[in-house]
Amino acid sequence: MSIVQIRKFMVEGDGDSAVAMVNELISKGTPAHDIMAGLTEEMGILGEKFENFEVFLPDLMIAGDAFMQIMDVLKEHLVAADSKSASKTIIIGTVKGDFHDIGKNIVGIVLQANGYNVIDLGADVDPVAYMDAARKENADAVGISALMTTTMPGQEEFIKLVSDAGEKGKYIVCVGGAPTSAEWAERIGADLWSFDAFEFVAKLKKMLG
Amino acid sequence: MSTYRMWEVFERVENGPFFKDQSEWMLKSFIPNMRRVVKEYNIKYDGKTIVNCDDDLADRVWQAAKDFFVSVGVYHQESHRVIKFTEEEVNEVLYTKRPCYMIGAGHDQRWLRVRSVEDREHRPFHLFSPDANFSTDIHKKACMAYLKEPLLDGLCAPLIEDFMGRKAMSQTPTEVAAAMEHAMNLRDALRLVGKPDVWTVSVGTAETDQAQIAAANKDWGVRPSHLDGRMVSILTEMTTNNAMLNKAMHYRSYGNVFGNLCGAIFGGHAGGTEGTLVLQTAYNIEGACLYGSCWALNFPFHLKWQSTTTRELLWLQSVLSQAMSRNSNQIFLNNLFANAGPATEQLYWECANHAIATESSGGNPWGAATCRNKFTDMATPLESRFYHEVSEASFHMRMTRAQADEICQKIMEKYEKLIPIDNYGKKIQEVYDMEHLVPRKQFVDQYKRMRDELNRLGVEFAY
């Protein structure tokens with residue numbers, strides 16, 4: 001019975017066994033943030049392997065699902081202030097008219113693995129819904145994904161909406177997706193564009209401090 | 001869905017097994033079933049081969065794909081229900097699938113058909129398509145430039161970027177109008193080039209169902225008379241929605257010979273090369289059963305590079321093509337998405353490898369899309385010419401799969417290390433004289449040099 005074993009259960013997607021062991025360790029005095037640190041490290045390792053195509057999205061999803069199951073138990077034992085990034089909230093979604101969500105999902109998993117609070121609005125999201133969520137959650141960043149050239153303008157529409165509402169600069173606006181580019185992000189006034197999920201999280205970390 | 005079964009299928013949209021969201025279905029059904037079939041049917045990739053020579057593997061992949069499709073079904077995003085098909089239904093659809101269509105008209109009429117592995121009888125069907133956005137002011141001219149290509153059997157025209165100064169945006173009047181302008185430009189271009197009856201696949205600018213319907217017009221738009229092609233997508237992964245079903249319904253009733261646009265993502269939900277191969281094969285079955293599509297356009301692509309020309313993806317398309325050709329009557333084409341852009345040597349190498357790997361395996365070339373499909377005006381007919389000439393050469397010399405693999409390995413050495421580099425090349429306005437619609441001399445010289453280099457590697461061009 002150890003954190004190493006919990007990490008193994010998480011990677012295998014065995015959330016039930018991991019949760020049982022977490023409860024046992026905590027009852028015997030293991031600090032929750034030690035377990036959390038171990039899990040975050042393991043998710044980081046998995047993320048690196050995913051980036052190098054040594055593991056694939058199903059591995060990440062299965063571990064991510066178990067990670068969230070464990071977090072449900074751990075969170076009551078964790079003091080929010082313990083985790084620097086836990087206080088950062090990121091809203092993500094795929095732009096209006098676009099039902100492709102794989103890129104957005106990967107970003108969500110990698111963000112969670114790095115300890116961010118992720119609010120996933122799903123696919124085909126209206127710009128107003130992003131703004132409402134950002135206000136409600138007091139978001140630190142909003143990430144908008146698009147996979148079609150004809151849905152990319154939805155990213156611009158959101159940025160215009162934020163500017164018109166006088167809320168530009170209140171949170172970081174990030175755009176991404178296969179047909180987007182750094183040039184496109186600059187043209188529409190986005191704060192952040194990245195090639196993939198890992199670059200996204202690295203850049204976001206830098207910007208959020 | 002076969003037309004006569006359309007409403008029985010739709011009944012399953014309302015009453016199929018319920019999963020509250022797609023992730024739940026992925027974790028409980030898709031991922032475990034994919035892992036099971038890859039193991040059960042012993043699907044393995046050695047990490048080196050580009051053109052598969054193992055017939056038994058191709059047949060196992062086909063069986064795994066059928067098993068997977070029957071086990072998992074299709075997730076409907078709006079009803080959150082899974083549309084499932086029985087094995088008997090799948091067998092019926094596959095048995096009754098039509099293996100060839102006479103498409104286009106007049107001098108430009110062609111057979112679009114199933115080919116066999118190492119086909120000695122039927123030349124490939126050459127579908128030219130840049131799969132890229134073009135500026136509105138050059139769109140018609142670009143269509144004409146592509147239509148001038150001698151090997152062209154069909155054209156899927158570039159997309160229009162803007163309408164009246166506004167970027168064409170999905171679900172808005174700009175998209176509907178741009179889709180109509182796209183269709184009009186294409187019809188004008190067909191007449192102006194003197195190929196009025198070429199088969200076209202239209203209209204890529206129309207992402208939504210309503211824009212597709214708006215572009216259907218026998219006088220100025222998509223024609224039922226020529227059995228023009230249309231496309232309906234399978235969404236990522238094994239997913240559909242009402243807009244896609246609307247498109248299929250419209251295409252059927254309008255009389256189109258329409259295709260199923262499907263691209264499994266390598267590194268995505270299906271996992272590595274083996275899972276992505278099974279999924280891509282299953283997509284071809286899904287399109288026939290769910291939409292009643294007449295053909296499929298396969299573009300399994302790399303999660304990181306968004307291209308189809310990496311080693312594992314060429315192998316995947318080689319096995320996929322053989323699995324399909326050996327086990328079904330389904331017509332399919334193979335979509336090239338290159339990493340590099342126009343006027344780069346890398347792009348020519350990528351075009352050559354995709355053409356050779358797919359032709360010898362029974363595929364049909366569709367291309368050429370460049371620069372990871374990211375930029376406006378970044379494609380030209382010149383690389384498409386090269387791509388289709390190489391495919392034709394492979395057929396002309398009756399290249400075997402073993403020969404193809406040998407040549408593909410040599411070509412891969414030329415560009416594999418360059419894939420991560422952004423090598424986006426030049427815009428069509430730089431490569432082409434857009435007034436006369438001919439490539440500029442320096443780029444024709446480059447194209448000829450690349451033909452010579454390929455010839456030295458063993459490719460004998462037909463002319």
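This report describes a predicted model of a complex of chain A and chain B, beginning with the two chains as wholes and ending with selected elements of chain B.

## Confidence and overall dimensions

For the complex, the predictor gives an ipTM of 0.86 and a pTM of 0.91. The average pLDDT of chain B is 95, and 99% of the residues of this chain score at least 70.

The table sets out the two chains side by side.

| Chain | Residues and share buried | Helices and strands | Box of C-alpha atoms along the principal axes |
|---|---|---|---|
| Chain A | 209 residues, 49% buried | nine helices, five strands | roughly 55 × 35 × 25 Å |
| Chain B | 463 residues, 60% buried | 15 helices, 21 strands | roughly 60 × 50 × 40 Å |

The radius of gyration of chain A is 18 Å, which agrees with the value near 17 Å that a compact globule of 209 residues would have. For chain B the radius of gyration is 21 Å, and this agrees with the value near 23 Å for a compact globule of 463 residues.

Contacts in both chains can also be sorted by separation in sequence. In chain A, 72% of the contacts with a separation of 6 or more are between residues 24 or more positions apart. In chain B, 79% of the contacts between residues at least 6 apart in sequence join residues at least 24 apart.

## Chain A and its side of the interface

Along its sequence, chain A has the pattern α-α-α-α-β-α-β-α-β-α-β-α-β-α. Its contact with chain B involves 20 residues of chain A and 26 residues of chain B. On the side of chain A that touches chain B, helix H4 (residues 57-74) of chain A gives the most, with five residues. By class, this side of chain A has twelve nonpolar, six polar and two charged residues.

## A sheet of three strands in chain B

Chain B has an open sheet of three strands in the order E2-E1-E13, with mixed pairing. Strand E2 (81-83) and strand E13 (239-240) of chain B are the edge strands, and each pairs on one side only. Strand E1 (residues 74-76) of chain B pairs with E2(B) in the antiparallel sense, over three bridges. In this pairing, Val74(B) stands opposite Ile83(B) of E2(B).

A helix is also placed against these strands. Helix H1 (residues 6-15) of chain B lies across E1 and E2 of chain B, and runs at about 155° to E2(B).

## Strand E18 of chain B and its partners

Strand E18 (residues 331-337) of chain B is mostly covered, with seven of its seven residues buried. Ile331(B), Leu333(B), Asn335(B) and Phe337(B) point one way from E18(B), while Phe332(B), Asn334(B) and Leu336(B) point the other way, and all are buried. Residues on both sides of the strand, including Asn335(B) on one and Asn334(B) on the other, are thus listed among the buried ones.

Strands of a sheet pair through backbone hydrogen bonds, in either a parallel or an antiparallel sense. Strand E16 (residues 295-298) of chain B runs parallel to E18(B), and four bridges join them. Here Asn298(B) stands opposite Asn334(B) of E18(B). E18(B) also pairs with strand E19 (residues 365-369) of chain B, in the parallel sense and over three bridges. In that pairing, Phe337(B) stands opposite Ala369(B) of E19(B).

## Helix H5 of chain B and Lys141(B)

Helix H5 (residues 139-147) of chain B is largely enclosed by the rest of the structure, because seven of its nine residues are buried. The buried residues of H5(B) are His139(B), Lys140(B), Ala142(B), Cys143(B), Ala145(B), Tyr146(B) and Leu147(B).

Lys141(B) also belongs to helix H5 of chain B. Lys141(B) has 18 C-beta neighbours inside 10 Å, and therefore counts as partly exposed; a residue is buried if 20 or more other C-beta atoms lie within that distance. With its neighbours within four places in sequence left aside, Lys141(B) is in contact with Met434(B) and Leu437(B). Lys141(B) and Asn185(B) are 44 residues apart in sequence, and their C-alpha atoms are 8.7 Å apart in space.

Notes:
Residues numbered from 1 in each chain as written. Chains lettered and ligands numbered in written order. Predicted model: local features only at pLDDT ≥ 70, side-chain atom pairs only at ≥ 80, totals over all residues. Contact = placed C-beta atoms within 7 Å. Helix = DSSP H or I, 4+ residues; strand = E, 2+ residues; numbered from the N terminus. Nonpolar A, V, L, I, M, F, W, Y, C, P; charged D, E, K, R; others polar. Rg over C-alpha atoms; globule rule 2.2 N^0.38 Å. Buried ≥ 20, exposed ≤ 12 C-beta atoms within 10 Å, placed from the backbone. Pairing = 2+ DSSP bridges. Axes fitted to C-alpha atoms, helices over the stretch in contact; angles between N-to-C directions. pLDDT = per-residue confidence, 0-100.
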